[in-house]
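Visitor: Please choose a single part of this chain and take me through it closely. Then show me how it fits into its surroundings.

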Amino acid sequence: WIGPDTGENGLWCFTRLPLAKDLSRTRSKAAGMSLCDWSLVLPDGSKFRLLAMHPPGPLEPPPGIRDKAMTAATSALAATDDARILAGDLNCTPFAASFQRVLATARLRDAALGHGLAATWAPAPFIGLPTDHALISDHWSVVKRQLGDRQGSAHRPVLLTLRKLR
């Protein structure tokens, strides 16, 4: 599936898990950005919510569009107590006010905590920022976190092994 914007803010989502529900198309339009909003079924039959998104950059016009898009996208996560994961190139660092608002509003934590602060986006040699994130609810523990190779991209993928706690 690809989001409505096939330019720089496009997004591809793939899964091996069965989809219980796909709200991507309606949620993408409401949030004004590319996103995948899926309810997925784990092998044990339990479900979790995955929201993968790629909001506009902080300097893209109109002013504040990234923060508005992130607020719109995460509102659905805030309304559930189910297991949930928010992932993607959020176009912000963990120190940004918009990042902290998403954590608080959707009741998530950064899966990078305890695993160091490493740049996932490097537009030039020796310049990089952590802009690609995986945020998780308290239903998960992080077994392993690492960054993959760029493979022709300015971004390094965040690779996680999670264990569902409840």
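Guide: Here is a close look at one strand, followed by what lies around it.

This is a predicted model, in which local features need pLDDT of at least 70 and side-chain atom pairs count only at pLDDT 80 or more, while totals for chains, interfaces and linings use all residues. Residues are numbered from 1 along each chain as its sequence is written, and side-chain values use heavy atoms, with hydrogens and water left out.

Let's start with strand 2, residues 34-41. Helices (H or I, at least four residues) and strands (E, at least two) are DSSP runs, numbered from the N terminus. Strand 2 is mostly covered, with eight of its eight residues buried; buried means under 20% relative accessible area, exposed over 50% and partly exposed in between, with a 1.4 Å probe and protein chains only. In a regular strand, side chains alternate between the two faces of the sheet. In strand 2 both faces are covered: S34, C36, W38 and L40 are buried on one side, and L35, D37, S39 and V41 are buried on the other.

One of these residues, C36, has a covalent partner. C36 and C13 form a disulfide, with their sulfur atoms 2.0 Å apart; the term applies to a pair of cysteine sulfur atoms within 2.5 Å. C13 lies in the segment before strand 1 (19-22) and C36 in strand 2, so the disulfide ties together parts that are 23 residues apart in sequence. The torsion about the S-S bond is about 115 degrees, so this disulfide is right-handed. Both ends are covered: C36 has a relative accessible area of 0%, and C13, at 9%, counts as buried too. The count comes to one disulfide. C92 is also a buried cysteine, at 4% relative accessible area, but its sulfur is 17 Å from the closest cysteine sulfur, in C13, which is too far for a bond.

Now for the neighbours of strand 2. Strands pair if DSSP finds at least two bridges between them. Three bridges join strand 1 to strand 2, and the two run antiparallel; D22 stands opposite W38 here. Strand 2 and strand 3 (residues 47-54) are also antiparallel, joined by eight bridges, with L51 in strand 3 as the bridge partner of D37. The hairpin of strand 2 and strand 3 has five residues between the strands, and G45 takes a positive phi near 95 degrees there.

Stepping back, six strands form an open sheet of mixed pairing, in the order 1-2-3-4-8-5. Strand 1 and strand 5 (109-110) stand at the edges with a single partner strand each, so one side of each is left without a neighbour in the sheet. Further along the order, strand 4 and strand 8 run antiparallel, joined by five bridges. L86 lies in strand 4 and stands opposite L135 in strand 8. At 0% relative accessibility, L86 counts as buried. The C-alpha atoms of L86 and L160 are separated by 12 Å, although the two residues are 74 apart along the chain.

Strand 2 also contributes to the largest pocket. Strand 2, strand 3, strand 4 (84-89), strand 8 (132-136) and strand 10 (158-164) are the elements that give two or more residues to the lining of this pocket. On a 1 Å grid over the protein atoms alone, a pocket is an open set of points with protein on both sides within 12 Å along at least five of seven lines, and lining residues have an atom within 4 Å of a point. About 1100 Å³ of space lies in the largest pocket; grid points are joined across faces, edges and corners, and the volume is the space filled by probe spheres set on the points. Its lining has 36 residues, of which F14, L50, A52, A87 and V158 lie nearest the centre. The largest share of the lining, five residues, comes from strand 10.

Finally, the setting for all of this is a chain with three helices and 10 strands, running β-α-β-β-α-β-α-β-β-β-β-β-β from the N terminus. Buried residues make up 46% of its 166 residues, and the C-alpha trace spans about 45 × 35 × 30 Å along its principal axes.

Methods:
1 Å grid on protein atoms, 1.4 Å probe; cavity = no way out; pocket = protein on both sides within 12 Å on 5 of 7 lines; lining within 4 Å.
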